[in-house]
Amino acid sequence: MSMNQQGRPTNAGKTTDSSASESALLPSEPLLFEIGSKDHTGVDLPDVKPFNHRLGAFKRTTPLELPGLSEPETMRHYVRLSRLNYSIDSGLYPLGSCTMKHNPRLNEKMARLPGFSQIHPLQPVSTVGGAIEALSELARWLMKLTRTSAVAMSPKAGAHGELCGMMAIRAAHLEKGEGNRSIVLVPESAHGTNPATAAFLGYKVKAIPAKADGTVDISAVEDALSPDVAAIMLTNPNTCGLFEPDVKKIADAIHAAGAYFYCDGANFNAIMGVVCPGDLGIDAMHINLHKTFSTPHGGGGPGAGPVVLSKALAPFTPVPFIRETASGSELVEHVGESKSFGRLTAFHGQMGMFTRALTYMLSHGGDGLAQAAKDAVLNANYLKARLSELFSMPYGEQFCMHEVLCDDDFLKGTGVTTLDFSKAMIDEGYHPMTMYFPLVVHGAMLIEPTESESLKELDRFADTMLELARAAHAGEVERFTSAPTKAPLRRLDETGAARNPKLKWTKE
Ligand SMILES: *Cc1c(COP(=O)(O)O)cnc(C)c1O
């Protein structure tokens, strides 16, 4: 197998790849630049008549060097790439904390309606009334599901939503003349984006330890509180898959100390329609529409992370926001006299994701959303019960919420690590679960089946996982350490790729 300059295996100039054909998988696909030609295009265009351009010194003087491909060549390139991909449309995708659920095709149909898909953010507001109404309807659902007072729709992902919520918190402290509050409390089990967000805004992060049962230690929170604390960033249900039993007491303690409660809402799928976070005392929470509300994600595709805000933070909502007036929904684009902390993104947010999420809500109804959450929790507990036969679970004596957390204790002495185990899952046709997160658990395996899976699929998955665990115990180390053998690519140098990314194609 030859390598291109980016270090990817390439078959340019070859028709088959022996290692790939042995496993009946596709050979890896060359880049467009390697299969295309610079002298041809895929379309016939008439020659352009001479014209006066207004580019001045910006006129290009060198050829653009885009690869030219015919439509079938282009089509095949992308279809082949798509077949190298694992997706929720091809099988169970147990990536914990990521809520890889089915995206109903009705969502796609609605998102493609021209009134939503063919509009431009700079169009006059009077021409996009329908889209604004859909946006306000989604905003109303989000506020109702969380029992909160306002929602900022523009953040583009969960982490961006964290930034938005924390900026609202900072604005609220500044307004009260308490800009000196410099500490944010973050439990040790938090997603990495939480401390990163706090640090990005210049806060000092103070870690809060967990108790032996995996939940936050309220006495550690109380001990850490001081007039310097701006907020706590807490995930509920937490990243160990457990509902925080002291969440209300923690909220009360935080508020009594003059700080705010940021809730990481990435795990909302476990409680939507069942528990209203507003009732638990949260002040700000992002909702990953691309997790809980089924809009597709993975591969860096568009996400959407609206942030709901409590009454105390509502005045600081970033523009643009939608205000309900007697004559309908009004889009507020400028800060004006309001206390809004400003603008977070150029435009209004991800319309395609909004349409999909709203479609998901309207087609499920309030009762259907609650049912989906309950089914997600039931599925996770079913898997937990089946896997507990051989897998070790650090907090196994309690029911879990929508995800099951295992550690690597059951692999002790086998010579197989969590990483090896997950690679062997690829050979069995499954995407691995989330590994080594949360950090508080050794060799963590976080498994989230979501409500999308049937009993049959759950059983098939559990059978495979138990068979792998038996193989590890039976000393079949090689099966794990050499895995994956059936994937188009073997073990990748992920650290090298992260430390030294090659993001640009360079001509050979
Ligand atoms: C996914 C996730 C985030 C970040 O969300 P993005 O949309 O990926 O930015 C934050 N916290 C938790 C617990 C998550 O699972």
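In which sense do β13 and strand β14 (residues 445–447) pair, and over how many bridges? They pair in the antiparallel sense, over two bridges. This pairing is one detail of a predicted model, in which the protein chain holds 16 helices and 14 strands. The points below begin with the chain as a whole, then turn to the sheet that contains β13 and β14, to a helix packed against these strands, to a hairpin, and finally to two buried residues.

**The chain as a whole**

- The radius of gyration of the protein chain is 25 Å, which agrees with the value near 23 Å that a compact globule of 508 residues would have.
- Taken along the principal axes, the box filled by the C-alpha atoms of the protein chain is roughly 75 × 70 × 40 Å.
- Of the 508 residues, 47% count as buried, while the accessible surface of the chain comes to about 24900 Å², with 56% of that surface belonging to carbon and sulfur atoms.
- When contacts between residues at least 6 apart in sequence are considered, 69% of them join residues that are at least 24 apart.
- The chain carries 48 positive and 56 negative side chains, and the centres of these two sets lie 6 Å apart.

**The sheet of β12, β14 and β13**

- Three strands form an open sheet in the order β12-β14-β13, and their pairing is antiparallel.
- The edges of this sheet are β12 (404–406) and β13 (434–435), each of which pairs on one side only.
- Within the pairing of β13 and β14, the residue of β14 that serves as bridge partner of Met435 is Met445.
- As a general point, strands of a sheet pair through backbone hydrogen bonds, and the pairing may be either parallel or antiparallel.

**Helix α13 and its surroundings**

- Helix α13 (residues 418–427) is mostly covered, since eight of its ten residues are buried.
- The buried residues include Phe421, Ala424 and Met425, and also Asp420, Lys423 and Asp427.
- The buried residues of α13 pack against two strands, β13 and β14, and against the helices α14 (455–473), α15 (477–481) and α16 (494–499).
- After α13 comes Gly429, which has a positive phi, near 90 degrees.

**The hairpin of β10 and β11**

- Strand β10 (residues 321–325) and strand β11 (residues 328–332) run antiparallel and are joined by five bridges.
- The connection from β10 to β11 is a hairpin that passes through two residues.
- One of the bridge partnerships here links Glu324 with Ser329, the latter lying in β11.

**Two buried residues**

- Ser154 is found in the loop between β3 (150–152) and α7 (158–175), and Ser154 counts as buried because its relative accessible area is 2%, under the 20% cut-off.
- With neighbours within four places in sequence left aside, Ser154 is in contact with Leu344, Thr345, Phe347, His348 and Gly349.
- Met285 has its place in strand β8 (residues 284–286), and Met285 is likewise buried, at 1% relative accessibility.
- Not counting residues up to four places away in sequence, Met285 touches a set of residues that includes Thr146, Tyr262, Cys263, Phe268, Pro277 and Val307.
- From C-alpha to C-alpha, Met285 and Ala385 are 31 Å apart in space, and in sequence they are 100 residues apart.

Definitions and conventions
Residues numbered from 1 in each chain as written. Predicted model: local features only at pLDDT ≥ 70, side-chain atom pairs only at ≥ 80, totals over all residues. Heavy atoms only, no water. Helix = DSSP H or I, 4+ residues; strand = E, 2+ residues; numbered from the N terminus. Rg over C-alpha atoms; globule rule 2.2 N^0.38 Å. Buried < 20%, exposed > 50% of the residue type's maximum accessible area, 1.4 Å probe, protein only. Contact = heavy atoms within 4.5 Å. Areas by Shrake-Rupley, 256 points an atom, 1.4 Å probe, with all protein chains shown as cover. Lys, Arg positive; Asp, Glu negative; His and termini not counted. Charge placed at Lys NZ, Arg CZ, Asp CG, Glu CD. Pairing = 2+ DSSP bridges.
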